[in-house]
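Please open the model in your viewer and keep the selection panel at hand. The tour goes from one pair of strands to the sheet, then to its helices and a pocket.

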Amino acid sequence: MADAATKGTRQVLVAADKFKGSLTAVQVAERVTAGLRRVVPDVEVEALPVADGGDGTVDAAVAAGFERREVRVAGPLGHEVTAAFALRGDTAVVEMAEASGLQRLPAGVFAPLTASTYGSGELLRAALDAGVRTIVFGVGGSATTDGGAGMLSALGARFLDEDGEPVAPGGGGLADLARADLSGLDPRLSDVELVLASDVDNPLTGPKGAPAVYGPQKGASPDDVEALDAALAHYAKVLEAAVGPEAAEYAAAPGAGAAGGIGYGALLLGARFRAGIEVMLDVLGFAPALQRAELVITGEGSLDEQTLHGKAPAGVAAAARAADKEVVAVCGRLALPPEALGRAGIRRAYPLTEIEPDVATCITDAGPILERVAERIARDFLT
């Protein structure tokens, strides 16, 4: 039970990420709100769905009042898809997963060597067409490992083989790269602040690089990982010859390996790398919402070691702790001990598995179970 200081809390901020595969961040907020109100009907709840730059980032921005803009772009395999970005004033939130994410691949199909980020470049171009001055470029959940070459191509760069022909799409094609020409990049990029928002700080290549760490989850075999790592290292060398030593510096920089190396391409465009959740909390207006709250409820599908390294709940908890607000978390499964939660600023976590031990049921019936979890939070902290 909560101590006396927390009794009587009536203003609650629900700032949770999605439960991947079960509930969107918006649905998490709706279910938590419903559960709280079943116990305390007059509780004031402010919902601010959050994201850390990966898939769901545009949805979070739209839920916070941004306008959703849809555009037809190339998917990771080249087939046309409808992707969205979010727009408010002169700021756009662009999510690379909308165009080039794993969810854009047919079920069970992977293309680690050939998947391209070309559509992500088309999304950025659409944001430029909207006249924005700031682009928050959320990267994560990619199907690609092309170092952002496809994205740069869509924005006017040229990547040519020995015969002066464009190299094949995807990271595998970069092995044939002989010359890079960035002189044709869209000139509007120089007038825009581009913020690279990501929750990973990997370099482009090497043991902690994009192919080695993230290639296998995109279907890359050990041989594919080796080929992609060599191709991306070669790509960076060719770019060094084209644009100077900063190309090598960017390849080693934190965030270069984000989303299959699209972070590297963004850095070449002059992007500033920031932790995705920090950027999104700024963009979504988290600070004023936090000031209004007495209790903050955050969460995501799995609270585990990864959560502590830049994921949305850790960012929310850190900001709330700095403002001296109490934080609890909801999750599908909990893989962190209480002391780790405490260090992160989370007083207590409420996993769905406390109510329903069967994980498969938690996934399929996440919504109703989450409402029951929220009822527990209401009894513990609001009555």
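**From a strand pair to a pocket**

Select strand E12 (residues 326-334), which pairs with E13 in the parallel sense over four bridges; strands (E, at least two residues) and helices (H or I, at least four) are DSSP runs numbered from the N terminus, and two strands pair if DSSP finds at least two bridges between them. Within this pair, Val330 has Tyr350 of E13 as its bridge partner. This is a predicted model, in which local features need pLDDT of at least 70 and side-chain atom pairs count only at pLDDT 80 or more, while totals for chains, interfaces and linings use all residues. Residues are numbered from 1 along each chain as its sequence is written, and side-chain values use heavy atoms, leaving out hydrogens and water.

Widen the selection to the open sheet of five strands, ordered E2-E1-E11-E12-E13 with parallel pairing. Strands E2 (44-47) and E13 (348-351) stand at the edges with a single partner strand each, so one side of each is left without a neighbour in the sheet.

Next, add helix H12 (residues 312-322), which packs on the sheet and touches strand E11 (295-303) and E12, contact meaning heavy atoms within 4.5 Å. Helix H15 (residues 366-381) lies across E11, E12 and E13.

Finally, select Lys20, Asp52, Asp199, Gln306 and Lys311, the closest to the centre of the largest pocket among the 42 residues that line it. A pocket is an open set of points on a 1 Å grid over the protein atoms alone, where a 1.4 Å probe fits, with protein on both sides within 12 Å along at least five of seven lines, and lining residues have an atom within 4 Å of a point.

Methods: Axes fitted to C-alpha atoms, helices over the stretch in contact; angles between N-to-C directions.
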